[in-house]
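Colleague: I have the sequence and the coordinates open, and I'd love a close look at how charged side chains pair up here. Please pick one part to dwell on and take me through it residue by residue.

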Amino acid sequence: MNADFRACPACGSRNKPRWEFCARCGESLQGVPLGESTPVEAALEEEDQNISSAAFPWVTGLGLLAFGTLAVAVTVSSEKRAPDRRPNPGIFTLPTLPASAPPARPAVKDAGAEAFDEGYRLLVRGDAAGAVPRLAQAVADAPENASYRNMYAKALLAAGSTDEAMAQFEAALRLSPDNVGFLSDAARALDRSGKPVEAARAYQSILDRQPAHEQTLRDLSSLHQRGGRFDLALPLVRRLAEARPDDLVIRQELGLVLEKTGDLAGATQEYEKVLRERPDASITRGLLAEIHFQQGQKAEAIALFREGLARDGDAALLHRGLGSLLERTGDAAEAVKEYREYARLAPNAPDAKQLADRAERLERRLGAGGSSPSGT
């Protein structure tokens, strides 16, 4: 028998072979074989990610939000089922039919599925304006479907209809208050709409129940860093680094936050860890060199840049950083060379012309027998 459906691994619903996401719950169908039904225990295992709706009294009465384009991230979690309602996995297993059996009738499509499918495709292509009416239709057809409402909210935000978007986020959370994906979407919406206090409260309410939720750790840390609250960001980045000790990007971020909080020794240690693993990490090398320079270790700072350039002479950022240190130590002639090399290697960089012009000014001063104090 030729199977003509894909069974959702989260809720067991049958979907057409061409669909990429479940019409009922929004779960990804990527990699799901045709005609193989899947038990829904995997969806029940996600219950440890659920958090109480009481944590979000802030969802109501949000008012007008100034909001730009929202990045579309389809993280639709399965709806929570009470333990005493656990379905029998056998009911989701496709029975083997005898050869003489008539063809199976097509599965009935859930209300709004076609409109949702089309709206989602438009949204991920960047056509928010086109997606809005189709997702609105899906919500109208299935007003109790929280996934439809959450996706509709994202489309509205991307299209600039912020009041309507927040109303749909609220509706999705009322229908599925324990869905961590919906809660995260709402928190990010508050963050990006310029409401840092409300967003921080929302992020923290997730972490109070799921301390290791990495995306929320990243989001809340970023919010605090953008607001200059590096003291609040530090414990969050530490937790990320503990969870991902081999992630050098997080290690560099931890070093930067330590530096911003005044712990230069801790920052130096983290930067050195990164450079041991990735000697070509130009940004980390520059951050470490700057710490040495600030502590009066000028020769060590310059040596760090020269070591990096000995490994890769085309590393534009290292030429720029070295030029800055050389100028600040009074070696204007060498600084001119480094600035010009930077402008040659990175002609489209925002500061390429600025540093090329600075090299010309320094050279004119040198020709006139003048000095080149830093900052002039």
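Modeller: Happy to! Let's begin with a group: K154, D185, R188 and D219 are joined in a network of salt bridges, a salt bridge being a side-chain nitrogen of Lys or Arg within 4 Å of a carboxyl oxygen of Asp or Glu. In general, side chains of opposite charge can pair when their charged atoms come close. By that rule, the count for this structure is 20 salt bridges.

A word on the ground rules. This is a predicted model, in which local features need pLDDT of at least 70 and side-chain atom pairs count only at pLDDT 80 or more, while totals for chains, interfaces and linings use all residues. Residues are numbered from 1 along each chain as its sequence is written, and side-chain values use heavy atoms, with hydrogens and water left out.

The part I'd like to dwell on is helix α11, residues 264-277. Helices here are DSSP runs of H or I with at least four residues, numbered from the N terminus. α11 has 14 residues and spans 20 Å from its first C-alpha to its last, close to the expected 20 Å; that expectation is 1.5 Å times one less than the number of residues.

Among its residues, G266, A267, T268, E270, Y271, V274 and L275 are buried, where buried means under 20% relative accessible area, exposed over 50%, and partly exposed in between, with a 1.4 Å probe and protein chains only. These buried residues pack against α10 (248-260) and α12 (282-294), contact meaning heavy atoms within 4.5 Å.

Now to the charged pair in this helix. E270 makes a salt bridge with K273, and their closest N and O atoms are 3.5 Å apart. The two sit about one helical turn from each other because they are 3 residues apart in α11. E270 counts as buried because its relative accessibility is 7%, whereas K273, at 28%, counts as partly exposed.

For a second pair within a helix, look at D117 and R121, whose side chains meet in a salt bridge at 3.5 Å, N to O. They are 4 residues apart in helix α2 (residues 113-124), so about one helical turn separates them. D117 is buried at 11% relative accessibility, and R121 is partly exposed at 22%.

A third pair runs between helices: E327 and R358 form a salt bridge with their closest N and O atoms 2.3 Å apart. Since E327 lies in α14 (residues 316-328) and R358 in α16 (residues 352-367), this pair ties together parts that are 31 residues apart in sequence. Both E327 and R358 are buried.

Back in α11, two more residues deserve a visit. T268 counts as buried because its relative accessibility is 13%. A polar atom of the T268 side chain lies 2.8 Å from the backbone oxygen of L264. Leaving aside neighbours within four places in sequence, T268 is in contact with L288 and I291.

L275 is also in α11, and it counts as buried because its relative accessibility is 11%. Not counting residues up to four places away in sequence, L275 touches A281, T284, R285 and L288. Looking back along the chain, the C-alpha atoms of L275 and Q252 are separated by 9.6 Å, with their positions 23 residues apart in the numbering.

Technical notes: Polar contact = N/O pair within 3.5 Å; in protein donor to acceptor, adjacent residues only side chain to side chain.
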